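Colleague: Please take a close look at one part of this structure, the contact, and then connect that part to what lies around it. A first-year student should be able to follow each step.

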Amino acid sequence: TDVIIESSVGYFTEGPERKDDIVKAKQEGKELTKEEKQRLRKEKKQQKKSKEKKDDKPSRDSEKEKKPASAASPAPQTPTQPPAQKAPSAAPAPVPVPASETPSAADKPAKSKAELKAERRARQEAERASKGKKGDVGPQAAPGKPKAPPSELQPVVKRLPEHVQVDNPEVLKKLAKKLERQQTPEYNAATKIPLRSDYGYKVSLFSHLHQYSRKAPLTQQLGIPSTVIHPAIVRLGLQYSQGIVAGSNARSVALLHAFKQVIRDYTTPPNEELSRDLVNRLKPYISFLNQCRPLSASMGNAIKYIKKEISNIPSQCKEEEAKRKLLNCIDCYINEKIVLAAKAIAKYSIEKISDGDVILVYGCSSLVNHILCEAFEKNRKFRVIVVDSRPRLEGREALRRLVQKGINCTYVLISAVSYILPEVSKVFLGAHALLANGYVMSRVGTSQIALVAKAFNVPVLVCCETYKFCERVQTDSFVSNELDDPDDLIVTRTGTTQLEHWQEVPSLGLLNLVYDVTPPDFVDLVITDLGMIPCTSVPVVLRVKNVDQ
Amino acid sequence: REKQLVEYFRAQMRKDPDMASAVAAIRTLLEFLKRDKGETILGLRESLKWATDCLTGEDSSVAVSSGGELFLRFISLTSLEHQDLSRCKKVMEERGELFLEKISMSRTKVAKLCHTFIKDGAKILTHSYSRVVLRVLEKAAAEKKRFSVYVTESQPDSAGRQMAEALRKLNVPVTVVLDAAVGYVLEKVDLVIVGAEGVVESGGIINKIGTYQMAVCSKAHNKPFYVVAESFKFVRLYPLNQQDVPDKFKYKADTLKTVQNLSEEHPMIDYTPPSLITLLFTDLGVLTPSAVSDELIKLYL
């Protein structure tokens, strides 16, 4: 689930006939029926084949092969969308993957702007590329993956994964098909993992993300065939979707425990190898969990680790022994990466907490709470200011834990942060994930606190275990985020619900974001289990970790 | 034993006043290693650590402590699998000599990298007495560049005057300014070059008091702020602000030993955060402050 979004443009090579296509496409617009579109595609293919040299063919074929095999690069195949597609994930990206079939007023002007931009780029590229590469184009034939002609060593741009292209019906159809395909052959082909449907009006800037409702529990909305999904996973999915298990560490640990149960109950079918079959068995579970609540970076890393361990099981290993080994691996992982890491981080953090400190924390981070409790036990004299925000009000949980230990606490809402900051000597923040370019992804509101702290010259320390480091690169909070149930915003403290009928007002949208991204300039120090590093050194740690593995 | 150590160290310092105190410390440690009659590798390491502590007690600069730690790490980085202790010791000694040789060349390397940044007709501002900066300016003068230098007086020990004397010997036009006149003089200056006593993990530096002020002013004036430091000055500290720098570095060694109430003493060093530094010139190359952490990870891990 890790995707690198490349934002430079020079990766596609397009022939001069593109411009005609675009004009034709614009004129034809939505009137093209499916057959017409297919016909157009075929025509393009013919044109391309006639113009092409032999050596270009293998690259195109391999591209096409790659396309169905790698389900991670879906893209709409309609001819009306090519220019917008071809602008790979560049700045227009969040707005621009517009569905031609369901234009919203906001999307349409954006689409034509993106198209114009892409046209211009296409023309430039055409001039540049017209020398060597002919007819290497037909964007309709091959989906959005920009071609890397064999003569150039250009990296392939990875498309956004399906779960962030929700406003694109083609993508959704592909996703449904993919979920179907994930069945292992013995299961009935008719049963498949159902797709969860979105709820309510989505703010256009985030229309590419899912927005689910928590009003009714998941099992009432979806029919989950029990033969397909292990009950432990169903329980986990329910816990995630209802918010019973929340918090990055808690979710990862719950996931690993559920996988342990799955492994315990697993039996290798005859004529199958454990190392391959088990991995395939896990795939539908992971898709299901993704439907319940989008996977976090820490969960992604944990899953990668488990898959690696499973595929490394030697084939001559007996089933009992293999299962025991796997269970052991998972226990080690939890112990090393979470429990011991927390101890190491607490050790480093205590050096940074001096007597008389006033520490500000935001929301409820299990790691930060652990650190503060440890420091208090080591007899450091400090007091804590807990900042909280609606609608989750997670700070109350943190407050409860700290006060129970006997730590002196103050509780404010995030709107009072600039009032209280002159008193603060340090800010401790938890993180959901640390991205490869040094950005910190954390609960929404974190970047606000970091910004205000920077303005007051208060040092900001982020505490994060290394298993949360992910290879993704993100510079803004729009591209990849999570939308929570908008109905959470309706209720106020006094219990009145003036927004109750928000769905009836067509111009009103409620936005309940879960994560935001903090740039590294606002963070002074990251405390990890490897030591204290500046925010910009995350890629070095990732590199060192990869070398170790 | 301690007295012997300290005497040797002082002798080294006196012999070559141009040598960095850290280099003298490392020479002392090497000599100590040669004379040591320990039986086990672990015991050897323990006694080396003890020796480093003694030396830090004598000269409390950051460089001595970082140099000692790096020396220890460098010599123990070899595979010490030999059965015979004396053979192991021999290997360690050889590594120690190698290390010493490398760092003796470090100032020359730094000077070679940095002098190209001094253009003809440049006006340079520097702080207090730094032998590395002196070496850089020597090299630039040798390359027939014309430049003039402003040096701050750098109280409380007026080290700036020493620097001015040394520069006059090179026939470089030099002006000594008050520490308080840094803001005043910065509009005339093209670039600021300072040395460092220690380079910390965040990419910031620890240097003579007054450096932070100079850095803040040069940021306000948009003048480049360059730091020249050898790589053995990289230390595993991560201060968040001035207060966070450990007391043992802030004051002179004898002050630490004699005075009871440190809050009345004037600190000798301050911490400059990486956001104010443009580039660092080290024998590992020209680094940006964020690259320092990468280098440190390579050196220490």
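Modeller: Between chain A and chain B, the count is one salt bridge. The model is a predicted one, and the distances and areas that follow are computed from it. The partners in this salt bridge are K352(A) and D244(B), whose side chains meet at 3.1 Å, from N to O. The contact as a whole takes 13 residues from chain A and eleven residues from chain B. Together the chains bury about 1100 Å² between them, and carbon and sulfur atoms account for 60% of that area. On the side of chain A, K352(A), P534(A) and V540(A) supply 34% of the area that this chain buries against chain B, more than any other three residues. K352(A) therefore appears twice in the description, as a salt-bridge partner and as one of the three residues named for buried area.

The contact is best read against the chain that carries K352(A). Chain A has 17 helices and ten strands. Of its 549 residues, 53% count as buried. Its accessible surface comes to about 25200 Å², and 53% of that surface belongs to carbon and sulfur atoms. When contacts in chain A between residues at least 6 apart in sequence are considered, 78% join residues at least 24 apart.

Two buried residues of chain A make such numbers concrete. L222(A) sits in the loop between α7 (218-221) and α8 (231-242) of chain A. Is L222(A) buried or exposed? With a relative accessible area of 7%, L222(A) is buried, because buried means under 20%. Apart from its neighbours within four places in sequence, L222(A) is in contact with P194(A), L195(A) and R196(A). The C-alpha atoms of L222(A) and S197(A) are separated by 9.2 Å, although the two residues are 25 residues apart along the chain. The second residue, S248(A), belongs to helix α9 (residues 248-264) of chain A. S248(A) is also buried, at a relative accessible area of 13%. Not counting residues up to four places away in sequence, S248(A) touches S296(A), S298(A), H432(A), Y467(A) and K468(A).

Some loops of the two chains hold backbone features that deserve attention. Most residues other than glycine have a negative phi, and most peptide bonds are trans. In chain A, the peptide bond from R390(A) to P391(A) is cis, with omega near -5 degrees. P391(A) is placed in the loop between β2 (382-388) and α14 (395-405) of that chain. N457(A), which is not a glycine, has a positive phi near 60 degrees. The loop that holds N457(A) runs between α16 (446-455) and β7 (460-463) of chain A. N457(A) is exposed, with a relative accessible area of 70%. In chain B, the peptide bond from Q155(B) to P156(B) is cis, with omega near 5 degrees. P156(B) lies in the loop between β2 (147-152) and α8 (159-169) of chain B. S158(B) has its place in the loop between β2 and α8 of chain B. The phi of S158(B) is positive, about 50 degrees, although this residue is not a glycine. At 25% relative accessibility, S158(B) counts as partly exposed.

Chain B also offers a clear lesson in how a helix can present two faces. At 1.5 Å a residue, the 14 residues of helix α1 (residues 2-15) of chain B should span 20 Å, and its end C-alpha atoms are indeed 20 Å apart. Which residues of α1(B) are buried? They are L5(B), V6(B), F9(B) and Q12(B). These residues cover an arc of only 120 degrees around the axis, which puts them on the same side of α1(B). An α-helix has 3.6 residues a turn, so residues three or four places apart point the same way. On the other side of α1(B), K3(B), Q4(B), R14(B) and K15(B) are exposed. The buried residues of α1(B) pack against α2 (21-35) and α3 (41-58) of chain B.

One of those packing partners, α2(B), has 15 residues and reaches 21 Å from its first C-alpha to its last, close to the 21 Å expected at 1.5 Å a residue. Twelve of the 15 residues of α2(B) are buried, so this helix is largely enclosed by the rest of the structure. Among them are A22(B), I26(B), L29(B), E31(B) and F32(B).

Terms used
Residues numbered from 1 in each chain as written. Chains lettered and ligands numbered in written order. Predicted model: local features only at pLDDT ≥ 70, side-chain atom pairs only at ≥ 80, totals over all residues. Heavy atoms only, no water. Helix = DSSP H or I, 4+ residues; strand = E, 2+ residues; numbered from the N terminus. Expected span 1.5 Å × (residues − 1). Buried < 20%, exposed > 50% of the residue type's maximum accessible area, 1.4 Å probe, protein only. Arc of directions from axis to C-beta. Contact = heavy atoms within 4.5 Å. Areas by Shrake-Rupley, 256 points an atom, 1.4 Å probe, with all protein chains shown as cover. Buried area = accessible area lost by both parts, 1.4 Å probe. Salt bridge = Lys/Arg side-chain N within 4 Å of Asp/Glu carboxyl O.
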